[in-house]
Amino acid sequence: MKQFLNFINGEFVATGKTFDKRTPVDNRVIGQVHEAGMAEVDAAVAAAHAAMKGEWGRLSVVRRTELLHAVADEINRRFDEFLAAELADTGKPHSLASHIDIPRGAANFKVFADIVKNVPTESFTMTTPDGGTAVSYALRTPLGVVAVVCPWNLPLLLMTWKVGPALACGNAVIVKPSEETPATATLLAEVMNTVGIPKGVYQVLHGFGPGSAGEFLTRHPDVDGITFTGETRTGEAIMAAAAKGVRPVSFELGGKNAGIVFADADIDKAVAGITRSAFENCGQVCLGTERVYVQRPIFDTFVQALKAKAEALVIGPPDQPGVGLGPLISAEHKRKVMDYYALAVAEGATVVTGGGAPAMPAALADGHWVQPTIWTGLPESARVIREEIFGPCCHIAPFDTEAEAIALANATDYGLATTVWTQDLGTAHRMAAAIEVGLCWINSWFLRDLRTAFGGAKASGIGREGGVHSLEFYTELRNVMIKL
Ligand SMILES: NC(=O)C1=CN([C@@H]2O[C@H](COP(=O)(O)OP(=O)(O)OC[C@H]3O[C@@H](n4cnc5c(N)ncnc54)[C@H](O)[C@@H]3O)[C@@H](O)[C@H]2O)C=CC1
Ligand SMILES: O=C(O)/C=C/C=C(\O)C(=O)O
């Protein structure tokens with residue numbers, strides 16, 4: 001049986017306490033995960049500080065960024081192993097993980113290495129009160145030991161999205177992968193040793209949140225900052241932990257994102273786009289669209305077209321040809337999504353398609369499969385429209401005017417992303433300015449340029465990462481003033 005060990009100070013470390021890792025495809029146990037306790041957290045934090053004071057802290061930016069390029073190259077060299085590990089942990093389609101998760105996992109190291117090497121800091125010259133001159137400039141120093149707490153939906157991609165810039169800026173990281181997806185963070189530890197990243201710079205602690213590695217790590221007084229992607233309520237708990245010692249946090253949290261389709265949109269492109277934004281990764285993407293608003297003249301046509309797309313999705317395991325929809329991550333998450341499917345009916349929804357679990361072959365019957373689901377007819381007050389479900393489902397409602405679409409999109413506590421479909425440039429610009437989100441896609445969805453700011457407004461997050469914005473969190477900015 002595969003053993004997922006912690007990685008502390010350059011060594012793989014077993015603990016006396018393990019839990020099962022099951023694959024979502026058929027619920028078989030595929031590994032034992034070694035849960036880190038307080039002793040392992042203490043050891044990792046001490047090793048991280050030692051690394052910062054040692055060789056890693058003294059490394060030139062050039063050498064540090066060369067090492068990060070080597071990490072990316074080594075991930076690419078072991079691409080098939082990373083892919084197999086991610087597929088076993090998540091059950092997502094091969095086509096998705098091979099095009100998005102693993103390539104982005106590698107790219108996150110190269111992009112931020114290059115950004116750190118090339119971004120200047122500010123400098124000013126001024127006249128002093130005595131008529132002399134002073135020059136000031138900014139220095140960026142690492143934040144220190146950074147806890148990286150990760151979710152299970154895009155495990156390698158979202159973890160390296162934080163580890164890449166954190167290491168590029170000279171920090172040491174301690175990663176707490178989701179208990180559901182321990183594999184790729186552990187595999188990355190092998191890569192770190194192979195390319196010669198000094199011990200203590202990248203460490204992995206497995207376990208759960210409350211009462212386990214997640215809580216112990218984020219409460220640890222010697223952790224200098226915490227970066228987290230996951231549920232908004234977990235963000236609240238981590239923020240409370242970080243308050244002690246006034247430690248900075250960077251959060252990318254949940255969403256209840258609106259997709260808006262105007263009557264002038266290219267309907268085929270809009271339907272294809274919303275098919276992706278509602279159902280990709282079995283709806284387990286925080287950027288996904290669970291509320292769709294369609295302008296009334298094309299409402300019926302759009303609903304029928306999206307229904308046809310949903311029903312054409314092939315549900316199955318990662319390596320099945322043509323598969324478009326994998327399982328949900330866990331039995332617990334399937335229960336949550338199925339509860340929402342039942343709630344939608346109780347709240348009075350019309351089920352356009354789906355609403356249940358598909359019949360699967362006997363070998364897959366214990367997997368966490370659900371049908372892609374579309375509802376219409378709910379009032380905006382329905383819980384299914386207000387709460388993040390994180391499954392392959394959406395509600396579609398009609399709207400008449402641009403002002404109404406804006407009001408509907410903004411009537412949520414969340415503010416992560418939106419996708420707007422229109423061929424009118426004026427409409428596109430006005431919507432982009434009016435919708436309260438961190439990310440606004442026009443005639444596209446999940447189209448990413450890693451140099452741009454990424455994050456959520458309102459209850460969807462704190463701060464932005466991406467490009468130079470990552471440097472704002474992963475470094476301290478020091479101003480140096482020199483009187484000449
Ligand atoms: N990106 C997103 O927006 C994501 C949203 N979700 C949503 O969250 C729901 C719950 O999924 P979970 O995996 O349980 O998400 P979660 O937010 O509870 O867990 C994410 C990470 O935080 C850790 N964690 C949990 N509680 C913690 C605490 N008190 N202190 C420190 N670390 C803690 C977990 O062990 C995991 O590594 C899902 O059903 C889904 O709706 C889940 C994953 C990603
Ligand atoms: O960084 C990206 O490109 C993707 C981010 C997606 C999430 O944060 C998510 O689904 O949780």
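This passage describes the overall fold of the protein chain and the surroundings of its two ligands.

The structure is a predicted model, in which local features need pLDDT of at least 70, side-chain atom pairs count only at pLDDT 80 or more, and totals for chains, interfaces and linings use all residues. Residues are numbered from 1 along each chain as its sequence is written, while chains are lettered from A and ligands numbered from 1 in the order in which they are written.

The protein chain contains 16 helices and 25 strands, taken as DSSP runs (H or I, at least four residues, for helices; E, at least two, for strands) numbered from the N terminus. Along its principal axes, the C-alpha trace spans about 70 × 65 × 40 Å. Of the 484 residues, 51% are buried, that is, 20 or more other C-beta atoms, placed from the backbone, lie within 10 Å of their own.

Around ligand 1 there are 27 residues, each with its C-beta atom, placed from the backbone, within 6 Å of the ligand. The closest are G209, G214, G230, E231 and C286. Helix 8 (213-219), helix 9 (232-243) and helix 12 (331-346) each supply at least two residues of this shell. Ligand 1 lies between domain 1 (2-253 + 460-483) and domain 2 (258-442), because both give residues to its shell; the domain bounds come from an automatic or database domain assignment.

Turning to ligand 2, its surrounding residues include W161, E252, C286, R448 and F454. Domain 1 and domain 2 both contribute to the shell around ligand 2, so this ligand lies between them.

Terms used
Buried ≥ 20, exposed ≤ 12 C-beta atoms within 10 Å, placed from the backbone.
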